[in-house]
Amino acid sequence: MTSFSDLGLIEPLVRAVAAEGYDTPTPVQAAAIPHAARGRDVLGVAQTGTGKTAAFTLPILQQLDADRRRPEPRAPRALILTPTRELAIQIGESMTTYGKYLRLSHTVVYGGVGQNPQVQAMRRGVDTLIATPGRLLDLIDQGWIDLGAVEIFVLDEADRMLDMGFIRDVNKIVSELPPRRQTLFFSATMPQAITKLASELLHDYERIDIKPEATTAEKVSQRVLFVEKANKRELLGDLLDNPALDRAIVFTRTKHGANRVAKFLDQRGIGSDAIHGNKSQGARQRALEGFKEGRTRVLVATDIASRGIDVDDVSHVINFDLPNEPESYVHRIGRTARAGADGAAVSFCDFDEVAYLHAIEHIIRQKVMVDAEHAYHDDRIAARHADGPQRGAQVKSGRPSGGRSSNGRSSGGRSSNGRSSSSGSSSARSSRNGRAAGNGSSRRRR
Ligand code: AMP
């Protein structure tokens, strides 16, 4: 079995991961680290929960340490771009953890908070900058950040960037980077627009595919409960009467839905907190911390807000509403059964959501077990589901048209560690250089 030192990592990094209690690298780490640590570009098709943060953080730390210099003001040597503040903060925490025996610095830059501490950190200079797109562009425009010295660029959760409408910002940021650099590109799914972006950014890269079905099909037990919309809250209350659900995330489709569910749970005396885009950064952080530390039993979240929630031992994911994008289902249930622990996903499906359930079953390539053993089981919905997908029923999907999963699964066998790896093409070289040739910011500030 591979160990962290077999991956060619230096002793202070091996010691830091051992101190975290990691025995063996996860598949994405085993596949990506040797290439990334040697300076190669990597395309990692992997979702949160696979250990991808360490897969890019460790190689960055190793390379920066090998050529350690005093950080230049405003000009980081590594940039990690990630879609949400929560993810940015968590990546910063991972960097602190893994880099604790090295003398390297980093800072995190994101919106929704005052910019002064971020500006001060950039004035002093850091080795690695972790950022969300909007605030990064603001600080570049104001002259506080110069990306001209970036040697390693990580684009994290590229598909989510696209979903959140950040693709133009990403392109602007990329145009500020030097053409000669290492790029590590991570995405949970590979819709067409992301494949195109990857081919523009990567050069002679290694592709690593971590198949999500290892999580959905094998580790997480899944069941669906057919229930009318009006009965969902009572059903949720009944489920949560079971103390085995000791750390649950409840997903709703909308922010209002999240607030309503949290209010209902409060009335039933079940401790919960809601986390969504309308809450202030402080409130989101407090909710997340309360949940992490086990003070709050139930976190009610929307898909976007949940991105990057990194909490160990989530016992249950409850889909109060089914997502209209089937990939979101895979993301959601990936919150439980993390890094090998067992978990359970419970989905409520009302009459109007049956088409969503069909789309989900299509991409996970299996039927979700029906659980009719509850007070609100609705036969009409079950019958509609049993009828199979309706002709002409359209479900919004993040994938290009065509029914196959964008993860390119073949219906046959799966490799034992759930990954495959192959060299990527080098045809991206010219377009990548072409894009970056427009570099050369004239904005400067002392
Ligand atoms: P990530 O996909 O980076 O969000 O990581 C998911 C979770 O797995 C985090 O809680 C990590 O701390 C944990 N983790 C990462 N690598 C390992 C490993 N090699 N062994 C055990 N846990 C890990």
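Is Phe-56 buried or exposed? Phe-56 is buried, with a relative accessible area of 0%. Keep that residue in mind as we walk through this structure, which is a predicted model.

## The chain as a whole

Let's start with the overall picture. The chain contains 18 helices and 15 strands. Of its 446 residues, 55% are buried. Contacts between residues separated by 6 or more positions can also be sorted by how far apart the partners sit in sequence: 80% of them join residues 24 or more positions apart.

## Aromatic rings

Now back to Phe-56. The whole structure has four aromatic pairs. Phe-56 and Phe-186 make one of these, a tilted pair with 5.5 Å from centre to centre and 55° between the ring planes. Phe-56 belongs to helix 3 (residues 52–66) and Phe-186 to strand 6 (residues 182–187), so this pair ties together parts of the chain that are 130 residues apart in sequence. The partner, Phe-186, has a relative accessibility of 1% and so counts as buried, because the cut-off for buried is under 20%. Elsewhere, Phe-4, Tyr-22 and Tyr-98 form one aromatic cluster.

## Three pairs of helices

Next, look at how helices lie against one another. Two packed helices are described by the angle between their axes and the distance between the axes. Here are three pairs to find in the structure.

| Helix pair | Angle between axes | Axis distance | Crossing |
|---|---|---|---|
| Helix 2 (residues 27–37) and helix 3 | about 25° | 9 Å | right-handed |
| Helix 11 (residues 232–240) and helix 12 (residues 255–267) | roughly 50° | within 11 Å | right-handed |
| Helix 16 (residues 354–364) and helix 17 (residues 379–386) | roughly 45° | within 10 Å | right-handed |

How are helix 2 and helix 3 oriented to each other? They pack at an angle of about 25°, and angles under 35 degrees count as roughly parallel, so helix 2 and helix 3 are roughly parallel to each other. From helix 2, the residues that take part are Val-28, Gln-29, Ala-32, Ile-33, Ala-36 and Ala-37, and they meet Lys-52, Ala-54, Ala-55, Leu-58, Pro-59, Gln-62 and Gln-63 of helix 3. Sorted by class, this contact has nine nonpolar, three polar and one charged residues. Helix 3 is also the helix that holds Phe-56.

Helix 11 and helix 12 cross at roughly 50° and are therefore oblique to each other. Helix 11 brings Arg-233, Glu-234, Leu-236, Gly-237 and Leu-240 to the contact, while helix 12 brings Arg-260, Val-261, Phe-264 and Leu-265. The classes here are five nonpolar, one polar and three charged residues.

Helix 16 and helix 17 are likewise described as oblique to each other. Which residues meet where these two helices touch? On the helix 16 side are Val-354, Leu-357, His-358 and Glu-361, and on the helix 17 side are Ile-381, Arg-384 and His-385. Together these divide into three nonpolar, two polar and two charged residues.

## A closer look at Glu-361

Glu-361, which sits in helix 16, deserves a second visit. Glu-361 has a relative accessible area of 5% and is buried. Leaving aside its neighbours within four places in sequence, Glu-361 is in contact with Gln-366, Lys-367, Val-368 and His-385. You have already met His-385 as part of helix 17.

## Helix 6 and its surroundings

What do the buried residues of helix 6 pack against? The buried residues in helix 6 (residues 133–141) are Pro-133, Arg-135, Leu-136, Leu-137, Leu-139 and Ile-140. They pack against three strands and three helices: strand 2 (78–81), strand 3 (106–109), strand 4 (128–131), helix 5 (116–124), helix 7 (158–163) and helix 8 (167–175). After helix 6 comes Gly-143, which has a positive phi near 85°.

Helix 8 offers one more residue to look at, Asn-171. Asn-171 counts as partly exposed, at 23% relative accessibility. Although Asn-171 and Leu-197 are 26 residues apart in sequence, their C-alpha atoms are 8.9 Å apart in space.

Note on methods: Residues numbered from 1 in each chain as written. Predicted model: local features only at pLDDT ≥ 70, side-chain atom pairs only at ≥ 80, totals over all residues. Heavy atoms only, no water. Axes fitted to C-alpha atoms, helices over the stretch in contact; angles between N-to-C directions. Helix = DSSP H or I, 4+ residues; strand = E, 2+ residues; numbered from the N terminus. Parallel < 35°, antiparallel > 145°, perpendicular 65-115°, else oblique. Left-handed = near helix turned anticlockwise from the far one by under 90°. Contact = heavy atoms within 4.5 Å. Nonpolar A, V, L, I, M, F, W, Y, C, P; charged D, E, K, R; others polar. Buried < 20%, exposed > 50% of the residue type's maximum accessible area, 1.4 Å probe, protein only. Phe/Tyr/Trp six-rings, centres within 6.5 Å; stacked < 30°, edge-to-face > 60°.
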